[in-house]
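Here are my notes from a walk through this model, set out as numbered points. Have the structure open while you read.

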Amino acid sequence: MTATQHQRLLIVDFGSQVTQLIARRLREQNVYCEIHPYQAVTEAFLNAFAPLAVVLSGGPASVLDPDSPRPPEMLFRLGVPVLGICYGQQVMMQMLGGRVERGDGTAEFGRAYVTPAGDALPLLEGWFETGREQVWMSHGDHVAALAPGFAVYGTSPAAPFAITADPARKFYAVQFHPEVHHTPNGARLYANFLREAGFTGDWTMGAYREEAIARIRDQVGDGRVICGLSGGVDSSVAAVLIHEAIGDRLTCVFVDHGLLREGEAEEVVAMFRDAYNIPLVHADESALFLNALDGVSDPETKRKTIGRLFIDVFQKHATQTGGAEFLAQGTLYPDVIESVSFSGGPSVTIKSHHNVGGLPEKMGLKLVEPLRELFKDEVRALGRELGLPDRFIGRHPFPGPGLAIRCPGAITREKLDILRRADAVYIDQIRRHGLYDEIWQAFVALLPVRSVGVMGDARTYDYACALRAVTSVDGMTADYYPFSHDFLAETATRIINEVRGINRVTYDITSKPPGTIEWE
C-alpha cells in the first residue's frame with residue numbers, strides 16, 4: 001500500500017500559522033493527511049485526491065473581503081465529513097447560506113471557555129465533563145447567522161456560535177483552534193471527527209517502511225545513489241532506509257567542514273561503518289571551509305559560503321563514486337509545506353528546501369527524498385523501526401552550517417575551539433542531570449564580546465557565552481527550558497573552570513517568537 005492507497009484526509013490551507021499542527025494531530029491518530037493551499041484545491045484536484053474527509057484551516061483573511069480565499073463549492077458536494085476551523089468555519093457559513101459579520105467589539109484572542117448548547121453531538125464525545133472546555137480563540141470576525149441545516153452546540157462569551165454542526169451532512173465548524181495545546185481536549189475532538197469519517201488508522205511506520213523501500217527500488221532501479229550524511233536524525237534515517245532498499249549502490253558522503261561538535265565526526269563515522277556497513281566517504285574538508293570563512297561575520301555570507309562549498313565537495317565525490325544518478329536528502333514534510341506558498345498565496349514562503357540547496361540543478365542528479373511525507377516525530381518512529389540506536393534517534397537538531405551560526409561575529413579557529421569545548425561541557429551537564437530528553441535543543445553560543453573578569457587574583461579579558469535550551473514540539477515555536485539556578489550555577493562554574501577563553505556565562509530566556517532558536 002502506498003500513500004495514495006491509504007485512507008486520506010485533505011487539509012485546505014488558508015494561511016494559518018498553525019496549519020501544520022492540524023496535520024500533526026491527525027497523524028498522531030495514525031491517519032494520513034496532506035496540506036494543500038486553497039489555490040491548488042480545484043475540482044480536478046478533489047476528484048484525483050478523493051479524500052475521506054476534509055479540514056478547512058484558519059487564516060488571516062476576512063470572508064467579507066471581495067477576494068477572500070474560498071474552496072471550490074464542489075468540496076461541499078463530495079459527500080464526506082468537513083470540519084471548519086476559525087476562518088474555515090466562517091467560510092463554510094458564508095458559502096452555505098449563513099452570515100458572517102465584522103468583529104467590532106466581539107473579537108477574541110487567547111484563552112476562552114466554551115459551554116455546551118443543544119443536543120448531544122458525536123463530535124463532542126468526552127467534552128464538557130466539567131461543564132466547560134478551555135479553548136484557544138484567535139478571531140476578529142464572527143458568525144452572525146447559521147447556514148440552513150446547522151445548529152449551535154457550544155458557545156463562548158464572544159462567540160455565540162463557537163461550535164456548530166449539520167449532523168445529517170457531517171459538517172462541523174468551530175471558531176477556536178483545537179490543534180493548539182491551549183485547547184487541552186482538542187485531540188479528543190479530532191479523534192471524534194476521524195471516527196465519524198470512518199478512518200481506521202492505517203497509517204503506521206511499519207507499513208510506511210515497506211512502502212518507502214518499494215518506492216525507492218522502483219525509482220532508483222539499477223542506479224546509484226549518494227546521500228549527504230550529517231549525522232542528524234533525518235539524514236541518518238534516510239541513509240539506513242535507502243541502504244535497506246538498494247544495498248551497496250548507496251554511498252554516503254559525510255562532509256566534515258570543521259564546524260562540528262566535539263567528537264561528532266568520529267561518532268558518525270563509527271556508527272555507519274561499524275553498525276551498518278554502509279559505504280561511507282569521510283570527506284575531511286575542514287581546511288577548505290575554515291579558510292573560506294576566516295574573518296567572515298555576516299550571517300548570510302556564512303550560510304552562502306558553506307552552501308557553495310558543499311556543492312563543490314559533493315560534485316567532487318559524486319564523480320568519484322562511480323557516476324551516481326541520484327542524490328538522497330532528508331527532506332521532511334514541513335520543508336515541503338513551507339516551500340509551497342507562492343505569490344498571491346495566503347501566507348508567505350517561510351523557507352525553500354534547505355537540505356543541500358542547489359545541488360540537484362548544478363549536478364544534474366535526480367532527487368530521492370524518502371522522508372518527504374513525514375514530520376520529525378514520525379522520522380524518529382521510523383528510525384526505531386529501522387533499529388537506529390536511541391542516541392541517534394533522540395539527538396537534538398543540529399544546523400547544517402554547524403557552529404558557524406553559533407559563533408556570532410567573525411569566525412576564527414580559536415573561537416570555534418573555545419565554543420566546541422564549552423558546548424561539550426554544557427551537554428555533559430544536561431546529560432548528567434538527566435535532562436537531555438526533556439529538551440528539544442540545547443547549545444552554547446560564543447558571543448562576539450569580551451568582558452573583564454578576575455581569576456586567581458589576576459585580571460582576565462575573555463569571551464562571554466550564552467547557554468540556550470528550549471522546549472518545543474516541532475521547532476516552529478519554542479520556549480526556554482526552566483533550569484534551576486543550582487544547575488545554571490554549577491554549569492557556569494564548570495565552563496569557566498574547564499574552558500580557557502571564557503570568563504562569563506549567561507542564559508538566554510528568549511522564546512520563539514520573538515526570537516529564533518539559533519542565534520544566526
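1. One term before the helix packing: axes here are lines fitted to C-alpha atoms, for helices over the stretch in contact, with angles from 0 to 180 degrees between N-to-C directions. With that in hand, look at helix 6 (residues 233-246), which lies across strands 12, 13, 15 and 16. Its direction relative to strand 12 is about 160 degrees. Keep in mind throughout that this is a predicted model.

2. Now the sheet under that helix. It is an open sheet of five strands, paired in parallel, and the order reads 14-13-12-15-16. Strand 14 (280-284) and strand 16 (366-368) are the edges, each pairing on one side only. From one strand to the next the twist averages 30 degrees. If you want to check one pairing by eye, take strand 12 (residues 225-229) and strand 15 (residues 326-328), which run parallel and are joined by three bridges. Val 225 has Phe 326 as its bridge partner in strand 15.

3. Next, helix 6 against helix 5 (residues 205-220). How do their axes cross, and how far apart do they come? They come within 9 Å and cross at roughly 65 degrees, and the crossing is right-handed. On the helix 5 side, the residues involved are Arg 209, Ala 212, Ile 213, Ile 216, Arg 217 and Val 220. They meet Leu 241, Ile 242, Glu 244, Ala 245 and Ile 246 of helix 6.

4. Helix 12 (residues 376-386) deserves a look too. Its buried residues are Lys 376, Glu 378, Val 379, Arg 380, Leu 382, Gly 383 and Leu 386, so charged names appear on that list beside nonpolar ones, with buried meaning under 20% relative accessible area. The cover over these buried residues includes helix 1 (19-27), helix 5, helix 6 and helix 13 (390-393). Right after helix 12 comes Gly 387, with a positive phi near 85 degrees.

5. On to the cores. Nonpolar side chains in soluble globular proteins tend to be buried together. In this model the largest nonpolar core has 47 residues, and Tyr 426, Ile 430 and Phe 483 have the most contacts inside it. Several elements each supply at least two residues, among them strand 13 (250-256), helix 9 (299-320), strand 17 (441-455), strand 18 (458-471) and helix 15 (485-498). Helix 14 gives the largest share, eight residues. A second, separate core of 44 residues includes Met 205, Ala 238, Phe 254 and Val 268.

6. Which residues does Phe 483 touch, leaving out those up to four places away in sequence? The list is Tyr 426, Ile 430, Leu 435, Ile 439, Ala 469, Leu 488 and Tyr 507.

7. Thr 491 sits in helix 15. It counts as buried because its relative accessibility is 0%. Its side chain reaches the backbone oxygen of Phe 487 at 2.8 Å. Beyond its neighbours within four places in sequence, Thr 491 is in contact with Tyr 426, Gln 429 and Leu 467.

8. Strand 3 (residues 53-56) is a neat one to rotate. In a regular strand the side chains alternate between the two faces of the sheet. Here Ala 53 and Val 55 point one way, Val 54 and Leu 56 point the other way, and all are buried. Strand 1 (residues 8-13) runs parallel to strand 3 and is joined to it by four bridges, with Ile 11 opposite Val 55. Three bridges link strand 3 to strand 4 (residues 82-85), also in parallel. Val 82 in strand 4 is the bridge partner of Val 54.

9. Two loop residues to finish. Glu 285 lies in the loop between strand 14 and helix 8. Is Glu 285 buried or exposed? At 12% relative accessibility, it counts as buried. Without counting residues up to four places away in sequence, Glu 285 touches Val 255, Asp 256, Val 313, Lys 316 and His 317. Its C-alpha atom is separated by 9.5 Å from that of Phe 310, 25 residues apart along the chain. The other loop residue is Tyr 38, found between strand 2 (32-37) and helix 2 (43-49). Tyr 38 is buried as well, with a relative accessible area of 16%.

How values were computed
Residues numbered from 1 in each chain as written. Predicted model: local features only at pLDDT ≥ 70, side-chain atom pairs only at ≥ 80, totals over all residues. Heavy atoms only, no water. Core = buried A, V, L, I, M, F, W, Y, C linked by side-chain atoms within 4.5 Å. Buried < 20%, exposed > 50% of the residue type's maximum accessible area, 1.4 Å probe, protein only. Contact = heavy atoms within 4.5 Å. Polar contact = N/O pair within 3.5 Å; in protein donor to acceptor, adjacent residues only side chain to side chain. Pairing = 2+ DSSP bridges. Left-handed = near helix turned anticlockwise from the far one by under 90°.
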